[in-house]
Amino acid sequence: MTRTVRLEPIPSVEEFAPFGTFIRRPDAHGERRFFSDWLGGEGLAPVFHVNSMAPTQLPAPITKLERHPHAAQCFVPLDVERYIVTVAPSLADGSPDLDGLRSFIVPSSLGTIYKSTVWHAGASVLDRAGAFAVLMWRGRDDDDEFVAIPAVTLVSQD
């Protein structure tokens with residue numbers, strides 16, 4: 001039987017902290033928010049790309065997760081209505097803890113930074129096609145780990 005995970009509203013920054021952080025714009029004109037401490041790493045160089053994706057229809061299956069052991073990964077919506085962030089903690093052996101898998105609906109006004117080593121599903125958008133700017137650091141051949149998982153079906157929060 002396929003496991004079902006209900007999409008949740010966006011969590012607080014504190015609740016999401018084990019997985020990463022959300023990029024929020026400053027509240028006041030002239031104010032800046034820095035996220036540099038989340039990114040980079042010794043011997044790594046920045047890689048920046050823009051992706052385009054078709055919309056995800058719910059219910060939606062997830063059959064693999066990924067993580068990046070040496071670098072954080074940053075997604076900034078360029079042309080998105082809402083998007084899905086799916087994360088999972090790690091078990092003691094480093095594999096994803098599927099019992100802890102959570103999935104959130106994120107508004108287009110927020111970006112997402114996944115901490116290094118955090119298991120996550122690939123980016124997916126709701127409502128219509130969309131695009132993200134993606135920034136991460138590279139330099140190690142082993143910084144992309146993908147794992148097949150038993151199918152999980154994401155369903156609406158309704």
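Mentor: Before we start, one yardstick: a residue is buried under 20% relative accessible area, exposed over 50%, and partly exposed in between. Keep in mind that this is a predicted model.

Trainee: Okay, let me try it on Thr117. Why is Thr117 called partly exposed?

Mentor: Thr117 has a relative accessible area of 36%. That value falls between the 20% and 50% limits, so Thr117 is partly exposed.

Trainee: Where does Thr117 sit, and what is its phi?

Mentor: Thr117 lies in the loop between strand S8 (111–114) and S9. Its phi is near 75 degrees, a positive value in a residue other than glycine.

Trainee: And Asp127, why does that one count as partly exposed?

Mentor: Same routine. Asp127 comes out at 48% relative accessibility, and exposed would need over 50%, so Asp127 is partly exposed. You'll find Asp127 in the loop between S10 and S11. Asp127 has a positive phi too, near 80 degrees, and is not a glycine.

Trainee: What makes Trp38 partly exposed?

Mentor: Its relative accessible area of 30% does, because 30% lies between the two limits. Trp38 belongs to the loop between strand S2 (20–23) and strand S3 (45–53).

Trainee: Which residues does Trp38 touch, leaving out those up to four places away in sequence?

Mentor: Gly20, Thr21, Ala72, Ile113 and Lys115. To touch, heavy atoms must come within 4.5 Å.

Trainee: Let's move on to the strands. How do you know that S6 pairs with S7?

Mentor: Count the bridges. Strand S6 (residues 82–88) has six of them to strand S7 (residues 102–107). Pairing takes at least two bridges, so S6 and S7 pair. The two strands run antiparallel, and Ile84 stands opposite Ile105 in S7.

Trainee: What makes S10 and S9 partners of S6 as well?

Mentor: Three bridges join S6 to strand S10 (residues 124–126), and two join S6 to strand S9 (residues 119–120). Two is enough under the rule, so both count as partners. S10 runs antiparallel to S6, and S9 does too. Tyr83 stands opposite Val125 in S10, while Val87 stands opposite His120 in S9.

Trainee: Why is S6 called mostly covered?

Mentor: Six of its seven residues are buried, which means each of those six stays under 20% relative accessible area.

Trainee: What does S6 give to the largest nonpolar core?

Mentor: That core has 17 residues, and among those with the most contacts inside it are Tyr83, Val85, Val87 and Phe132. S6, S7 and strand S11 (130–138) each supply at least two residues, and S6 gives the most, with three. Apart from this core lies another, of 15 residues, including Ile84 and Ala88.

Trainee: How do side chains on one strand usually get sorted?

Mentor: In a regular strand they alternate between the two faces of the sheet.

Trainee: Which residues does Val85 touch, again skipping those up to four places away?

Mentor: Phe16, Arg102, Ser103, Phe104, Val106, Thr112 and Tyr114.

Trainee: Now the empty spaces. How many cavities of 30 Å³ or more turn up, and what is the volume of the largest?

Mentor: One turns up in a search of the whole structure. The largest cavity has a volume of about 60 Å³. Its lining includes Phe75, Tyr83, Ile84, Val85 and Gly122, and S6 gives the most to that lining, with three residues.

Trainee: What makes the cavity lining nonpolar, polar or charged by class?

Mentor: Eight residues are nonpolar, one is polar and none is charged. Gly122 is in the lining, and Gly is classed as polar, so Gly122 is the polar one.

Trainee: And the largest pocket, what is its volume?

Mentor: About 200 Å³. Of its 16 lining residues, the closest to its centre are Pro61, Ile62, Lys64, Ala121 and Gly122. S4 gives the most to the lining, with seven residues. By class, the lining holds eight nonpolar, six polar and two charged residues.

Trainee: One last thing: what is the peptide bond from Leu58 to Pro59 like, cis or trans?

Mentor: That bond is cis, with omega near -5 degrees. Pro59 sits in the loop between S3 and S4.

Methods: Residues numbered from 1 in each chain as written. Predicted model: local features only at pLDDT ≥ 70, side-chain atom pairs only at ≥ 80, totals over all residues. Heavy atoms only, no water. Buried < 20%, exposed > 50% of the residue type's maximum accessible area, 1.4 Å probe, protein only. Helix = DSSP H or I, 4+ residues; strand = E, 2+ residues; numbered from the N terminus. 1 Å grid on protein atoms, 1.4 Å probe; cavity = no way out; pocket = protein on both sides within 12 Å on 5 of 7 lines; lining within 4 Å. Points joined across faces, edges and corners; volume = space filled by probe spheres on them. Core = buried A, V, L, I, M, F, W, Y, C linked by side-chain atoms within 4.5 Å.
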